[in-house]
Amino acid sequence: MDRCGSSHPTRAWHRRAKSTALSTWAFLAGLIHAQLARTAVGDLVVDLHADPADLRNPLARALRDPSLSLAYWLPQFGSWADQDGKPVDLPTDRRRVTPIERNGAHAAVLIHHPALRDEPELLDSVVAAAAMTLETGRLQAELHATVAELRASRERVLDAGQKERQRLERDLHDGAQQRLVALSLSLGVLQTKLGADPDALVELTQARAQIAVSLAELRDVARGLHPAVLSAHGLDVALESLAAHAPLPVRLSVNVDRRVADAVEVAAYYVVCESLTNIGKHADARSATVNVAWANGEIVVEVVDDGRGGADSERGSGLRGLADRVEALGGRLCIWTSRDGTRVRAELPCA
């Protein structure tokens, strides 16, 4: 009885001791957690001060969430975008989205793991710290989005212009050219019927010669609007035709084993066409080399001559137009020139 009676206070003491220990550990855990949160926010402020344009990585470190992403509200486009200006769709799970406000209006949102909702103090502190440097990142996202929109607009204008040139080329081929050919044939029949009238024969011969000249000029105009041979037979055949009609000897190498987008083929064609035209007019070159190849998802065009140099894309409207056409497709046009000649290189992505 005494043994049993003496054990009650011992169990009570153990329970009190256990409760006290748990309370102590909970208190210490809370202190540690609070200290870690303050440290995370402090580190975040330092990181944001060092590079205010990069918000995503410091925020992910502060919240210990590698999946975290950041989306900015862009009023100009009426949409959410990431740091690179690309559109972002917000998750339907609202626990994954925390808004960041600036001047009383939503400026951005954090997209994070739902478990962070269980750490409201840390989340609120990080959001408050991020709001101080938010504008720099938002302006960067807006700039990227504007550049992307300008590039897309440029591509649309280029595509619309190319389609209009194709239409005009077809109209010239099916309309004016066919009528001139028919007229020349009719004059030939009339010439045969007139027989012995020498004066009439001379006039008819001259008229047919003028028609032939007009046809040649019209074909040049149509070819300048859009190279029909390119659409019908591909880049290699079109470039062979250019090389054959060039004003100087051309060594041509085409190593492209596939058809690519019309806009890319047309741009490659005009790089060669404009370059050979400039060489013939201005370079005093003896020969030229044209290399066209497929490399790493791009069509690379190089035109090299042995002339006197001096080509400049900023001064010549033809080369400037080529640069605009290539850049509108996300490509790059480079020109190197010296006394020993000029090299024009275009890189056209085919994705």
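Here are some notes on this predicted model, running from overall confidence to the sheet, its helices and its salt bridges.

1. **How far to trust it.** The mean pLDDT of the protein chain is 75, with 71% of residues at 70 or more. Residues 1-7 fall below 50, and this stretch has zero contacts in the model beyond near neighbours in sequence. Residues 20-42 also stay under 50 in pLDDT, though here the model has nine contacts beyond four places in sequence. I'd read both stretches with that in mind.

2. **The overall make-up.** The protein chain has nine helices and nine strands. Of its 351 residues, 35% count as buried. If you take the contacts with a separation of 6 or more, 63% of them are between residues 24 or more positions apart.

3. **The sheet.** Five strands form an open sheet in the order 5-6-7-9-8, and the pairing is mixed. At the edges sit strand 5 (250-255) and strand 8 (332-338), each of which pairs on one side only. From one strand to the next, the twist averages 10°.

4. **Going across the sheet.** Starting from strand 5, the link to strand 6 (residues 288-295) is parallel and has six bridges; Asn255 has Ala293 of strand 6 as its bridge partner. Strand 6 then pairs with strand 7 in the antiparallel sense, over eight bridges, with Val292 partnered by Val301 in strand 7. These two strands make a hairpin with two residues between them, and Asn296 in the turn has a positive phi of about 55°. Next comes strand 9, antiparallel to strand 7 and joined to it by seven bridges. Across that pairing, Val303 stands opposite Val344 in strand 9.

5. **Strand 7.** Is strand 7 largely enclosed by the rest of the structure, or open? It is largely enclosed, because six of its eight residues are buried.

6. **Helices against the sheet.** Helix 7 (residues 235-244) lies across strand 5 and strand 6, and runs at about 175° to strand 5. Helix 8 packs on the sheet too, touching strand 5, strand 6, strand 7 (298-305) and strand 9 (341-349). The direction of helix 8 makes about 5° with that of strand 7.

7. **Helix 8 up close.** This helix covers residues 262-283, which is 22 residues. From first C-alpha to last it reaches 30 Å, close to the 32 Å expected at 1.5 Å a residue. Right after helix 8 comes Asp284, with a positive phi near 55°. Have a look at Ser275, which is in helix 8. Its relative accessibility is 4%, so Ser275 counts as buried. Setting aside neighbours within four places in sequence, Ser275 is in contact with Tyr270, Val303 and Val344. Two of those names should be familiar: Val303 and Val344 are the residues that stand opposite each other in the sheet.

8. **A salt bridge between two loops.** The count of salt bridges comes to nine. One of them joins the side chains of Arg286 and Asp306, at 3.7 Å from N to O. The pair links distant parts of the chain, 20 residues apart: Arg286 is in the loop between helix 8 and strand 6, and Asp306 is in the loop between strand 7 and helix 9 (317-328). Arg286 is exposed, at 63% relative accessible area, while Asp306 is partly exposed, at 25%.

9. **Glu347 and its partners.** Which side chains does Glu347 meet in salt bridges? One is Arg332, at 3.3 Å from N to O. That pair also links distant parts of the chain, with Glu347 in strand 9 and Arg332 in strand 8, 15 residues apart. Another is Arg345, where the closest N and O atoms are 2.9 Å apart. Glu347 itself is buried, with a relative accessible area of 13%. Its partners are listed as partly exposed: Arg332 at 46% and Arg345 at 23%.

10. **The wider network.** Glu347 doesn't stop at pairs. Salt bridges that share partners join Glu302, Arg332, Arg343, Arg345 and Glu347 into one network. As for the general idea, side chains of opposite charge can pair when their charged atoms come close.

Notes: Residues are numbered from 1 along each chain as its sequence is written. This is a predicted model: local features need pLDDT of at least 70, side-chain atom pairs count only at pLDDT 80 or more; totals for chains, interfaces and linings use all residues. Side-chain values use heavy atoms; hydrogens and water are left out. pLDDT is the predictor's confidence in each residue, from 0 to 100. Contact means heavy atoms within 4.5 Å. Helices (H or I, at least four residues) and strands (E, at least two) are DSSP runs, numbered from the N terminus. The expected span of a helix is 1.5 Å times one less than its number of residues. Two strands pair if DSSP finds at least two bridges between them. Axes are lines fitted to C-alpha atoms, for helices over the stretch in contact, and angles run from 0 to 180 degrees between N-to-C directions. A salt bridge is a side-chain nitrogen of Lys or Arg within 4 Å of a carboxyl oxygen of Asp or Glu. Buried means under 20% relative accessible area, exposed over 50%, partly exposed in between (1.4 Å probe, protein chains only).
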